[in-house]
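Reader: I'd like a close look at a single part of this model, not a tour of everything. Pick one stretch, show me what it packs against, and tell me the cut-offs as you use them.

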Amino acid sequence: MIESLNFRKPLNICFAVLALTIVLVGLLIVHSQWSIAQDLYRKQNRLYINNVASTLDKYLDGYENSMGEMARIAADQHKFDDTGESNLALRTWLIERLRIMPDGISIIHADHHGHFIRLPYVDSTFDWDPTKEPWFTISIEDSDEAHFSVSKDPFANKERVITISRPLINGTDGSNNGVLALNLDIDKSVEILNDALPPMKSRTFVMTREGEMVINPGYPIEPAKLKALAHLAREYRGDFSMDGHYYAYRAVASQSWLVIHEVDEAYLNDLILNRSLNVIWGVLFTLVVMFFCWWSTRAAMNTIFMRIATSIRAGTIKPAAVEELIFEEIHSSQQRHEKIAHEALTDGLTGLKNRRAFDADASRFNGKPLTHLAMIDIDNFKTINDTWGHPVGDMVLRTIAELGLRLRGLENITLYRYGGEEIAVLFDGISAEKAKSYLEKWRITVNTRNFRENNLKVSFSAGLAKMGGASLPEVIARADKLLYQAKKTGKNKVIAS
């Protein structure tokens, strides 16, 4: 018996289950937030590397297309000869092409025998064999494709330049006449990487698919790491994690190079954690509030039980009085609810039903037979307010409302304060003649009413319309139209349709 009266155990179990539920829901939300934030940040990095790669690709594609056109013309129209006249024409033509390439350092035209023309011009007797350069070897052995490589320009004192090379394939007989190479300033490509604004702290560089560095804005990267990255980055674009770092990549320069974007995963996790902190703090705050509620509930229940026990012991209430008190509270609560509902649908000034009640009742009445709507407006109400003041105006409204309620008797007539000095009347199951008779009786009573204020005469105009057969807005508009007609033709009258 004593155990059945112990409220602490079920209370503790209830709050423990709630606390556990909140913790589990919080963990699920944090996990979901973590996944969403991780996907968001990775998407930002993929979008960033795609934009950088597109910019770099567009930059290199422009020179590649120019090289394709130059290679076709050079292969068909320019040959090396012993007189040097053709060589001079070729140099003139090449220097014109170089001038329209802002980042071009030099153009080299070389044949199988080691003969070459280099613009800006250098003496071809210079001890340099272009056929031993990697860019020459790759282009001379491949089809009519452009090749991208990083080489050294011995004439320009440049340790590293980007070289775009193409084989010179004769358009008539298909013979290979040599290689045309364009050297670009690699610093311009470095500027593209440096000028890009990454979404977070990161490193961006360009490497070959064989794992050799191409463009490095100054990051120390081990060759072994480049080889490992090249092994994992096999597709055109993608992302992966390796050695505590997240990598997003995309291929450029006819897919022979890769633009790599590297983010420290610890830094990335810190960003994700910061986005999830709000949920964690929310869960902790909820648990603290729940603990306070549990403690307060226990203390309150203890106090209630002690008061009940003391009252029973002292004889101030009977043991059955607790149920009676609960009944009284429920009854009082119901009365309060009804009062609130009544006040929500009643106009506080006139005691009539308000606009909200009108909207609900009118929609229901509009489909019934023998229903009518009257719209009433107090004549010259603004003049009353301006002459005698708003308190008198309020008194006039209340008086008209009281007279209307008194005259309706037991009929199915409902009055509403529609707004301002307008009153709406709904007639349910009442003929048009009877409805108009009621309005006329009300109008005459108001018009003959004597007020305390000197020279205060009050009247109203009304429009009466049959309901049904049209939508409620159309019925209201029809009643309003009749009301305005009464106003225009002298006021203090009722016009029915």
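Author: Of the protein's 497 residues, 41% count as buried, where buried means under 20% relative accessible area, exposed means over 50% and partly exposed is in between, using a 1.4 Å probe on protein chains only. This is a predicted model, so local features are taken at a pLDDT of at least 70 and side-chain atom pairs at 80 or more, while totals for chains, interfaces and linings use all residues. Numbering starts from 1 along each chain as its sequence is written, and side-chain values use heavy atoms, with hydrogens and water left out.

A bit of context before zooming in. The protein has 12 helices and 15 strands; these are DSSP runs numbered from the N terminus, H or I over at least four residues for a helix and E over at least two for a strand. Contacts (heavy atoms within 4.5 Å) reach far along the chain: among those in the protein with a separation of 6 or more, 61% join residues 24 or more positions apart. As for confidence, pLDDT (the predictor's own score for each residue, from 0 to 100) averages 83, and 87% of the residues score at least 70. Residues 319–323 are a stretch to handle with care: pLDDT there is below 50, and beyond near neighbours in sequence the stretch has 1 contact in the model.

Now the part I'd pick: helix α10. It takes in 18 residues, 390–407, and the end C-alpha atoms are 26 Å apart, which agrees with the 26 Å you'd expect at 1.5 Å a residue. That expected span is 1.5 Å times one less than the number of residues.

Which residues of α10 are buried? They are V392, G393, M395, V396, L397, T399, I400, A401, L403 and G404. When you look for a pattern in that list, keep the helix geometry in mind. An α-helix has 3.6 residues a turn, so residues three or four places apart point the same way.

And what covers those buried residues of α10? The cover includes strand β11 (371–378) and helix α9 (381–388), along with β12 (413–419), β13 (422–428) and helix α11 (432–447).

L397 is a handy residue to click on, sitting in α10. Its relative accessibility is 2%, which is why L397 counts as buried. Leaving out residues up to four places away in sequence, L397 touches L349, T350, I378, F381, R417, G420 and E421. One of those partners, T350, is 47 residues away along the chain, yet its C-alpha atom is separated from that of L397 by 6.7 Å.

The surrounding connections have some backbone detail worth a look. After α10 comes G409, with a positive phi near 60°. On the other side in sequence, N380 sits in the loop between β11 and α9. N380 has a positive phi of about 55° although it isn't a glycine. At 42% relative accessibility, N380 counts as partly exposed.

If you're checking backbone angles anyway, there's another asparagine to put beside N380. N492, in the loop between α12 (472–488) and β15 (494–496), has a phi near 55°, again positive in a residue other than glycine. Its 22% relative accessibility is why N492 counts as partly exposed. For omega, try the peptide bond from L119 to P120: it's cis, near 0°. P120 has its place in the loop between β2 (116–119) and α3 (134–141).

To set against L397, try Q33, which lies in helix α1, residues 8–77. At 29% relative accessibility Q33 counts as partly exposed, whereas L397, at 2%, counts as buried. Setting aside neighbours within four places in sequence, Q33 is in contact with S276 and V279. The C-alpha atoms of Q33 and L273 are 9.2 Å apart, with their positions 240 residues apart along the chain.

So, back to α10, here's what to keep on screen. Show the helix at residues 390–407, then colour its buried residues, L397 among them. Add the elements that cover them, including β11, α9, β12, β13 and α11, and finish with the contacts of L397, such as I378 and F381.
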